[in-house]
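Dear colleague,

I am handing over the structure below, and after it I set out what was found. Please read the notes with the structure open beside them.

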Amino acid sequence: MSYDVNGKTIDHDEEGYLTDLALWNEDLAAIIAEKEGVNMTPEHWEVVNFLREYYQEYQIAPAIRVLTKALTKRMGADKGSNKYLYELFPYGPAKQACKIAGLPKPTGCV
Amino acid sequence: MSEEATVKKFMYLNRKAPHGTIYALEVLEMILVAAMFDQDVHVCFADDGVYELKKGQDAKGALEMKDFVTTYRALDGYDIEKLYAEKESLEERGLTAADLVVPVEVIDRAAMAALIDSMDVVLSA
Amino acid sequence: MLHTVNKSPFERNNLDACLNRAAAGSAILLYEDAVYAAVAGTAVAERVRHAAEQHDVYVLAPDLQARGMKDAALVEGVKPVDYTGFVELVAARGTATAWL
């Protein structure tokens, strides 16, 4: 199972999560987003990039409660709400945003 | 979960060194899952478990393994703030609280015994 | 003879089992969780220092690095080796005994 990015194949697991996080790039993110039916806007990228930074620092994908708390701290309560995140990623911010960000499925995820 | 969720006192007692076996990583995963259920979580480090928190670990660079020590720093964001390390275990290994990646309360063996005794659930690995 | 030990001396008695039975002049390699035994200032350091007087005691450097002990002071007489050094020891010392 793999994504096809600019002629290169990049493997993913049965749910679409990357098997090697190091192979992620923005073109790949756009392809995953398209498969998920998500139209990437600057607001989407903001969340995706935040998730990647979080992963770099802590080596895990944050649980949704932790994500909203951290986003509130960084970008204000408007963007740190469940509602806002579900508007951007209707099938679950953990499931979709993490997948687009190239992260593994979060522990205890929604 | 029941609608009237009762909060229990959980302890995760880490007693294994970080990279030679899988125990330390598995316990950490359990802690992250437990954090989702709003329980009163206590994370303790005794015996070789104190090595899990040693600063300067480089499992990725040296062994191409996951540097999960950095994940302990995320526990604060998961509202897990009750971390304890056993004084005797640190001393036997020539370590102090300053050698650890996260702030912990250092307690002696007698205090650890009392803390264990006060828990509803203790998972030791 | 090369003896290898890979368990923490604080958790298992593999190191003692090895030290009690290794003939004088043997090579002893500490790797994986046994590298903690090579670090100075612990409760087992004196035993290892004594062992290093009778044996050639080595420690696998990458396993120290993984555990945050790359720059730690080692017990007197203990020599760090890399993977190549490990292989050379195996080749030079013939028989290897693993104290698992």
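I begin with helix 4 of chain C, residues 83-93, which lies across strand 1, strand 2, strand 3 (56-60) and strand 4 of that chain and runs at about 145 degrees to strand 3 of chain C. Please keep in mind throughout that this is a predicted model.

The strands that this helix crosses belong to an open sheet of 5 strands in chain C, in the order 4-3-2-1-5 and with parallel pairing. Strand 4 (79-81) and strand 5 (96-99) of chain C stand at the edges, and because each has a single partner strand, one side of each is left without a neighbour in the sheet. From one strand to the next, the twist in this sheet averages 25 degrees. Within the sheet, strand 1 (residues 2-5) and strand 2 (residues 27-30) of chain C are paired in the parallel sense over 4 bridges, and Thr4(C) is found opposite Leu29(C), which sits in strand 2 of chain C.

Chain B also holds an open sheet, formed by 5 strands in the order 4-3-2-1-5, and the pairing there is parallel. Its edge strands are strand 4 (105-107) and strand 5 (121-124) of chain B, each of which pairs on one side only. On average, and with direction ignored, neighbouring strands of this sheet are turned by 25 degrees against each other. Strand 1 of chain B, residues 9-14, pairs with strand 5 of chain B in the parallel sense over 4 bridges, and Phe10(B) stands opposite Val121(B) of strand 5. Helix 1 of chain B, residues 23-34, lies across strand 1, strand 2 (40-45) and strand 5 of chain B, and its direction makes an angle of about 160 degrees with strand 1 of chain B.

Turning to how the chains meet, 2 pairs of chains touch, and the pair with the most contacts is that of chains B and C. Here 21 residues of chain B are in contact with 16 residues of chain C, and the two chains bury about 1,500 Å² between them, 54% of which comes from carbon and sulfur atoms. The number of salt bridges counted between chain B and chain C is 0.

The contact between chain A and chain B involves 14 residues from chain A and 16 residues from chain B. The area buried there is about 1,300 Å², with 49% of it on carbon and sulfur atoms, and 3 salt bridges are found across the interface of chain A and chain B. In one salt bridge, the side chain of Asp79(B) meets that of Lys69(A), at 2.8 Å from N to O. Chain A and chain C, by contrast, are joined by no contact, and their closest C-alpha atoms lie 16 Å apart.

Finally, a note on the cysteines: the count of disulfides over all chains comes to 0. Cys98(A) has a relative accessibility of 1% and therefore counts as buried, the cut-off being under 20%. Cys44(B), at 0% relative accessibility, counts as buried too.

With best wishes

Note on methods. Residues are numbered from 1 along each chain as its sequence is written. Chains are lettered from A and ligands numbered from 1 in the order in which they are written. This is a predicted model: local features need pLDDT of at least 70, side-chain atom pairs count only at pLDDT 80 or more; totals for chains, interfaces and linings use all residues. Side-chain values use heavy atoms; hydrogens and water are left out. Contact means heavy atoms within 4.5 Å. Two strands pair if DSSP finds at least two bridges between them. Helices (H or I, at least four residues) and strands (E, at least two) are DSSP runs, numbered from the N terminus. Axes are lines fitted to C-alpha atoms, for helices over the stretch in contact, and angles run from 0 to 180 degrees between N-to-C directions. A disulfide is a pair of cysteine sulfur atoms within 2.5 Å. Buried means under 20% relative accessible area, exposed over 50%, partly exposed in between (1.4 Å probe, protein chains only). Buried area is the accessible area (1.4 Å probe) that two parts lose on being put together, summed over both. A salt bridge is a side-chain nitrogen of Lys or Arg within 4 Å of a carboxyl oxygen of Asp or Glu.
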